Amino acid sequence: MRQRTQHNSIGGLFMFGLLGLFALLSLALVVIGTQAYQNVVHISDSNNQAQSVLSYVANKVRFGDTAGAASVDRIDGVPVLILEQAFDDELFETRIYFFEGGLMEQFVPAEDEFFPEDGELLVHLSACAITQEADNLIKITLTLDNGETCAMHIALRSDTLSSGREGGSLCGVNIQPC
Amino acid sequence: MRSKHSTLLTEIIIALLFFSLSSIIMVQLFAAGYEKSLDSKLSSQALYCAQDWAEQAIAAPLSPPDFFKSNGWVETEDGVLSYQHGDTLTLEYTFQLSQGNGGGVLYTGSLSLQAPRDDAPLLTLPLTQYRREGDL
């Protein structure tokens, strides 16, 4: 009788152990899944942040790339990418600059004073440097929230054309499908 | 009593087996998802890297081959210019010269990026530039 009770308790313990193992493995799987998901989101976030900022600024420059219209200037110590556009004989400026942890943009008449805090926040960044490396070359360097740094050069086609050299073609990127 | 125990035990063992199989599939899925996101990041990095070089080549006062050579690119035996970007990417610039009607030179070429584990290029970016006679 005693032996039978002992045998029963061992069997119960074994089943309890199996259930415990089941619970532990479930928990481990959830933890692994969470980490994998976090990694994927982290990679995708940083990728999207860099892509969207660089593409936005590059498209802005290309859109406003008429002779002498795009330049980088330092106003009140802040490096500002200035894109000039004329509407009805009045000159307007799109100003893109980094101020207090964010990339800002403002569209104002050219004669307006520069108040960096009045700009519209485009995106939060750790740092951003906009420099003019040559008459026809602008460089944007971004430091993302996760510390990653990425840089991109933008060639000004209009300046290239006005100086007598023909512009190049960059169309038709062929990306290997994943 | 004994029969009840063994039924429960069998049920738990079947559940564990099913769980193990599901875990294997799930872990493989996580790994595949992670790898896909890394591939996606590499692709966009490659695109920006190629665009960056192409933009600099277009803005430079030199012809594209001369610009690349003056910026650390190495010419291989078959005339291809090659550059190692970080540990992961290799850039290659292949080009052909043709005489334009106006006396200038047309550089028709492409920038391709090669990832270490793939045989085919990750991307190819056409880079064509015309230089007038006086600019060369």
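**Exercise 1. Is E93(A) buried or exposed?**

Start with the cut-offs: buried means under 20% relative accessible area, exposed means over 50%, and partly exposed is in between, using a 1.4 Å probe and protein chains only. E93(A) comes out at 9% relative accessibility, so E93(A) counts as buried.

Before going on, a word on the model. It is a predicted one, where local features need pLDDT of at least 70, side-chain atom pairs count only at pLDDT 80 or more, and totals for chains, interfaces and linings use all residues. Residues are numbered from 1 along each chain as its sequence is written, chains are lettered from A and ligands numbered from 1 in the order in which they are written, and side-chain values use heavy atoms, with hydrogens and water left out.

**Exercise 2. Find the salt bridge partner of E93(A) and check its burial.**

Step 1: get the rule straight. A salt bridge here is a side-chain nitrogen of Lys or Arg within 4 Å of a carboxyl oxygen of Asp or Glu.

Step 2: apply it. E93(A) pairs with R95(A), at 2.9 Å from N to O.

Step 3: check the partner. R95(A) is buried too, with a relative accessible area of 2%.

**Exercise 3. Track down salt bridges that cross between the chains.**

Step 1: the whole structure holds 6 salt bridges over all chains. One of them joins R62(A) to E55(B), with the closest N and O atoms 2.3 Å apart.

Step 2: place both ends. R62(A) sits in helix 1 (residues 2-63) of chain A and E55(B) in helix 1 of chain B, so this pair joins two chains. Helices are DSSP runs of H or I with at least four residues, strands are runs of E with at least two, and both are numbered from the N terminus.

Step 3: compare the ends. R62(A) is partly exposed at 33%, while E55(B) is buried at 0%.

Step 4: look for a network. R157(A) is linked with R62(A) and E55(B) in a network of salt bridges.

Step 5: now try K41(B), which meets E148(A) at 3.0 Å, N to O. This pair also crosses between chains, from helix 1 of chain B to the loop between strand 7 (137-143) and strand 8 (149-155) of chain A. K41(B) is buried at 16%; E148(A) is partly exposed at 29%.

**Exercise 4. Describe the surroundings of T94(A).**

Step 1: T94(A) belongs to strand 3 (residues 90-99) of chain A. Chain A has 2 helices and 10 strands.

Step 2: T94(A) is buried, at 4% relative accessible area.

Step 3: list contacts, meaning heavy atoms within 4.5 Å. Leaving out residues up to four places away in sequence, T94(A) touches K60(A), L81(A), I82(A), L83(A), Q85(A), E105(A), Q106(A) and F107(A).

**Exercise 5. Work out what builds the largest nonpolar core.**

Step 1: a nonpolar core is a set of buried Ala, Val, Leu, Ile, Met, Phe, Trp, Tyr and Cys residues joined through side-chain atoms within 4.5 Å. The largest has 29 residues, and those touching the most other members include W53(B), F68(B), W73(B) and L111(B).

Step 2: trace the sources. Two or more residues each come from helix 1 (2-59), helix 2 (64-69), strand 3 (89-99), strand 4 (105-114) and strand 5 (123-131) of chain B. Helix 1 of chain B gives the largest share, 10 residues.

Step 3: look for another core. A second, separate one has 25 residues, among them V53(A), V61(A), L144(A) and M152(A).
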